[in-house]
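Subject: The structure I promised you

Hi,

Here is the structure I said I would send over. Have it open in your viewer while you read, and my notes will be easier to follow.

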Amino acid sequence: MTGRNVLLQVAQRGGSFLGFVRKLWQHPKGRVGLIMAGFLVLVAVLAPVLAPYDPYDVTQRAAKGLRPSWAHPLGTTITTGQDILSMLIYGARVSLMIGIGTGIALAALGALLGVMAGYMGGLVDSLIMRIVDILLVIPTLPLIIVLTNFLGRSYFVIVLVFVLFGWTGLARVIRSLVLVLKNSNYVKAAELAGASRWHIMTKHILPGTSHLIIMNTTLTCAGIMVAEAGLSFLGLGDPTAISWGKMLAEAQSGGALLFGAWWWIIAPGLGIFLSVFAFMRIGLVMEEVFNPRMKASSSIHKLFKHLNNKYLDEVFQSMDDEAACGPPERLDEIDASQARGLP
Amino acid sequence: MTEAMLNLRNLKVAFPCPAGMIRAVEGIDLSVKRGECVALVGESGCGKSVTALAVMRLLRTPPSISRVDKLELDGVDLTDWTDRQMRDLRGKDMAMIFQDAMTALNPVMTVGRQIEEVYQRHTRMARREARRETIRALELVGVPEARSRVKSYAHELSGGLRQRVLIALAFACLPKLIIADEPTTALDVTIQAQVLDLLKAMQKEHGVSTLLITHDLSVVANMADTVYVMYSGKIVERAAARDVFQKPRHPYTQGLMASVPRLSDRRQMFVQIPDTVPHPMHKPTGCYFHPRCSRAADECRRRMPRLETLESHREVRCWFPLSNPQEAGS
Amino acid sequence: MKRSYVIKRVLYALFIFVVVLTLNFFIPRLGVGDPAERYYPPKGAMSDIEYEIIKQFTREQYGFDVSTFQQYIRYVQGLFRFDLGTSLRSGSPKVVELIGKRLPWTLVLSVTTLLISLVIGLSFGTLAAWKRGRWQDSVLLNASTISVALPGFFIALMMSFYLGFELELFPAYTNPNMVADFDWSKEAIMVVLNNAALPIMSMALGGIVGYSQSTRNSVIAVTNEDFVITARAKGLSETTVLYKHVLRNALLPLTTSIGMSVSGLIGGAIIIEQVFNWQGMGTLFLEANSTNDYPLMMGIMLFLSAFAILANLVTELFYVVLDPRVTVGEKR
């Protein structure tokens with residue numbers, strides 16, 4: 001029952017995309033996430049401008065295994081002498097492109113199948129849900145490895161596999177929301193008015209789920225970035241591209257651990273951490289904004305830590321008849337019954 | 001008969017929120033005499049349930065902060081009792097019946113086990129003995145086939161049976177005071193009457209004092225001896241049940257009475273009180289009821305009236321109390 | 001009523017298994033004209049005629065000499081005898097044997113990790129929920145925001161670096177002789193524990209935080225339920241309320257996520273095993289991948305899927321036992 005209500009609440013908090021971003025911006029943690037994500041996107045786009053060297057260019061390599069210095073703020077690799085800062089900057093491109101691209105494609109597929117399953121019901125629903133059940137038991141990582149083996153190592157294959165096998169979670173969530181929306185009055189009204197199924201799905205139900213989709217997509221982006229790093233670490237990514245996961249793999253096989261080249265490990269790790277953290281933050285703040293119950297309970301606990309005893313006494317005193325009504329004879333107003341906000 | 005079973009003086013409860021202070025209960029006095037059934041009446045959101053929980057000392061900090069000058073049960077002052085002391089009392093001397101038995105019962109524990117817990121907690125009974133008592137208690141509240149029902153889960157019982165289980169649970173140790181918070185609201189009308197009759201029978205039979213929290217005036221008419229009318233955290237009228245129904249003195253009480261459809265009524269229309277209860281964070285100045293009151297004057301907007309004794313056994317918080325029902329009805 | 005539910009679930013699990021094994025059969029046959037090509041050894045210095053003979057031999061050995069449908073029948077028949085096929089490795093070992101050799105080593109890691117995560121996660125999550133807003137809770141909150149953004153293998157690398165190479169507390173890489181020398185002696189067990197320490201720690205960190213977080217949320221959600229007030233109104237102590245009323249309800253939804261962890265017990269450690277070069281199922285799979293040992297890869301895939309199906313089934317049935325409400329849901 002309550003879960004249902006929460007879902008409806010989530011659905012009804014409609015609004016424009018911009019208003020949505022504004023809400024995130026107003027939330028201190030959301031702002032941190034947005035700034036970090038924006039910064040990373042900027043770095044990825046401007047990589048050729050920002051990076052001191054072109055890590056893809058074989059001629060721009062320095063001595064091998066340099067410690068951090070002014071010329072190479074994060075040092076160079078032990079194996080090839082590439083500038084690690086430049087690799088870090090270029091690595092953002094792969095991570096963000098895969099993360100965001102896959103996230104969006106996944107959201108589209110998941111939302112479509114979820115809405116179809118929820119709204120059409122019957123055969124379509126059971127077919128989609130059976131597929132979900134099957135995909136859930138197939139181990140994802142081994143499957144990706146098998147398919148990259150068959151189809152070749154490229155980011156296209158990785159994205160394709162992520163999308164084809166990763167939509168199940170979103171589809172399930174959307175489906176359960178659609179099941180609730182389906183019985184709401186405005187959908188019924190549209191049905192009575194003779195709107196086509198396609199029209200109802202795209203114009204009435206899909207907008208109701210949009211917030212859930214955006215929230216899920218953000219969290220998925222973060223998850224995909226971790227997964228991409230893992231795949232690249234295993235050497236399953238595009239062998240020609242520089243990515244953070246691959247940097248870590250090279251660091252490990254190149255003896256960074258053995259020679260104590262900590263910067264070679266920390267740098268890509270920091271890249272992964274920052275990008276995942278930024279998207280995770282945004283997603284979690286969205287969750288908080290849509291599901292105010294959780295937020296309220298935690299902020300009340302914070303509030304109690306800062307409660308001022310004098311203020312409390314004042315509040316309680318103002319409840320007394322003496323304060324609220326004033327002494328029986330005097331007619332001067334004591335406006336204490338007016339509620340005040342906390343200082 | 002005259003000694004008070006429950007004596008509550010100046011209870012205040014507030015819920016601090018980021019947006020401001022929710023003033024749930026603003027200093028109410030309440031007393032329940034031995035064997036008496038007192039009804040606390042008001043719209044939802046007026047602070048009734050919070051009062052009930054506060055009497056049981058079940059409000060937790062956070063989220064709430066409460067102050068009370070005196071809380072007495074059967075002449076024993078509980079005001080400064082520790083939580084540990086209160087735990088020994090709860091369920092034994094003071095018990096509560098909740099509104100929605102479906103959510104008030106643990107879904108994954110058999111109903112029998114949930115009643116047994118009370119016996120095991122407050123008596124020296126062994127498990128087997130507690131089980132026997134439980135079956136007896138269930139039979140007492142009219143649960144058929146109690147012997148097999150003890151093994152049921154809440155979802156396997158009908159709404160009426162679930163509420164009976166809650167009643168059996170509350171009466172298990174024959175407490176001195178029962179607090180019933182909207183005991184019949186979640187039920188179908190036909191079942192409501194049965195459960196109410198049972199509650200009344202149990203109360204009379206065991207002479208248990210009862211604090212009945214409700215917004216349903218038919219329940220009040222059926223059970224209560226004394227009525228407290230609560231509005232926005234304050235008591236606005238206190239009177240014997242009969243008086244309240246026959247000649248309400250506070251405009252709000254009168255409004256409540258008028259909104260109950262009666263067969264004898266010729267007007268064929270519901271009379272409603274316009275608008276809703278003020279937000280507990282933003283209450284109006286003066287009398288809390290004045291924005292909804294047809295009789296409101298300048299005085300009402302300026303100052304909150306006191307709860308004044310009008311006749312014997314009767315208190316009203318109003319600058320211009322109604323003198324008789326005819327005048328008020330127009 | 002309960003029995004019919006059990007039968008239904010078992011049949012459904014079987015159905016899923018049939019679909020999965022069919023997929024497993026056809027995936028290597030997709031996208032190429034002749035699937036047998038994937039099984040041919042590299043030509044190397046062989047002459048064309050020699051290579052033709054080898055190819056023919058391979059076709060027969062791996063059953064490509066009959067029609068696809070017959071191959072499928074054989075494949076299913078093999079499964080009844082727990083035959084997952086033959087590896088392309090030298091000596092043509094059976095896939096099942098290879099799995100059998102590596103599986104225990106993976107389980108050493110994953111089962112220990114799961115137990116540690118569960119015990120610490122559940123207790124710490126419950127504590128954080130019960131002490132909501134206090135420092136225990138904030139520690140958990142901060143730990144979870146940081147640890148979810150750190151991939152497990154990066155934590156593993158850092159641990160290998162600091163605890164392994166710098167501080168030399170534990171071996172940074174798995175002792176290559178560990179598996180071969182293992183003889184159940186006290187010393188051998190100590191070697192295993194010593195080598196397993198870092199992999200387990202790096203995997204358990206995420207698990208602990210994850211379980212703490214979900215336990216906390218679940219416990220908090222249940223604490224707000226009405227029946228908790230009823231329990232308190234009965235005069236029960238806070239500990240009784242927590243153990244008898246809150247936890248039982250709060251842990252129910254966690255069964256599902258525990259079930260999911262169990263289904264990932266075997267295949268979930270691939271990257272960590274790779275970091276520490278731990279000779280388990282994960283590295284076996286990666287070896288198969290790098291040598292294009294398709295029978296071994298698909299055999300492991302099927303094994304992992306079957307294990308996941310079984311784990312899901314057990315979780316579902318377990319849930320029925322724990323939650324009295326489920327059967328009613330079926331009835332309606």
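Below is what I found, starting with the chains and moving on to the details.

One thing to keep in mind throughout: this is a predicted model.

**Chains A and C**

Let's begin with the helical chains. Chain A has 17 helices and zero strands, while chain C has 14 helices and, again, zero strands. If you walk along the sequence of chain C, you simply read α-α-α-α-α-α-α-α-α-α-α-α-α-α. Measured out along the principal axes, the C-alpha atoms of chain C take up a box of roughly 90 × 60 × 40 Å.

How much of each chain is buried? In chain A it is 41% of the 343 residues, and in chain C it is 37% of the 332 residues.

You can also ask how far apart in sequence the contacting residues are. In chain A, take the contacts between residues at least 6 apart in sequence: 71% of them join residues at least 24 apart. For chain C, residues 24 or more positions apart make up 71% of the contacts with a separation of 6 or more.

**Two spots to look at in chain A**

Go to helix α14(A), residues 262-290. This helix has 29 residues and spans 41 Å from its first C-alpha to its last, close to the 42 Å expected at 1.5 Å a residue. Is α14(A) mostly covered or mostly open? Mostly covered, with 21 of its 29 residues buried.

Next, find a pair of helices. Two packed helices are described by the angle between their axes and the distance between the axes. For α6(A), residues 122-137, and α9(A), residues 168-182, the angle is about 140 degrees and the axes are 10 Å apart. The crossing of α6(A) over α9(A) is left-handed. Which residues meet there? From α6(A) come Ile128(A), Val132(A), Leu135(A) and Leu136(A), and from α9(A) come Thr168(A), Ala171(A) and Arg172(A). Sorted by class, that contact has five nonpolar residues, one polar and one charged.

**Where the chains touch**

Chain A meets both of the other chains, so to speak, and here is each side in turn.

With chain C, 35 residues of chain C are in contact with 31 residues of chain A. On the chain C side, the helices that each supply at least two residues are α1 (2-26), α5 (135-149), α6 (152-166), α11 (270-276), α12 (281-290) and α13 (294-322). The one that gives the most is α13(C), with eight residues. By class, this side of chain C has 25 nonpolar residues, nine polar and one charged.

With chain B, 24 residues of chain B are in contact with 23 residues of chain A. Here the elements of chain B that give two or more residues are strands: β1 (4-17), β2 (20-33) and β4 (65-67). The largest share, five residues, comes from β2(B). This side of chain B has 12 nonpolar, four polar and eight charged residues.

**The sheet in chain B**

Chain B holds an open sheet of eight strands with mixed pairing, in the order β7-β8-β9-β3-β10-β11-β13-β12. Its edge strands are β7(B), residues 94-97, and β12(B), residues 307-311, each pairing on one side only. From one strand to the next, the twist averages 25 degrees.

At the β7(B) edge, four bridges join β7(B) to β8(B), residues 177-181, and the two run parallel. One pair to click on is Met96(B), whose bridge partner in β8(B) is Ile179(B).

Now for β3(B), residues 37-41. Why is β3(B) largely enclosed by the rest of the structure? Because five of its five residues are buried. In a regular strand the side chains alternate between the two faces of the sheet. In β3(B) both faces are covered: Cys37(B), Ala39(B) and Val41(B) are buried on one side, and Val38(B) and Leu40(B) on the other.

What are the neighbours of β3(B)? It pairs in the parallel sense with β9(B), residues 209-214, over five bridges, and Val41(B) stands opposite Thr214(B) there. It also pairs in the parallel sense with β10(B), residues 226-231, over four bridges, where Ala39(B) has Val227(B) as its bridge partner.

Happy browsing!

Note on methods. Residues numbered from 1 in each chain as written. Chains lettered and ligands numbered in written order. Predicted model: local features only at pLDDT ≥ 70, side-chain atom pairs only at ≥ 80, totals over all residues. Contact = placed C-beta atoms within 7 Å. Nonpolar A, V, L, I, M, F, W, Y, C, P; charged D, E, K, R; others polar. Axes fitted to C-alpha atoms, helices over the stretch in contact; angles between N-to-C directions. Left-handed = near helix turned anticlockwise from the far one by under 90°. Expected span 1.5 Å × (residues − 1). Buried ≥ 20, exposed ≤ 12 C-beta atoms within 10 Å, placed from the backbone. Pairing = 2+ DSSP bridges.
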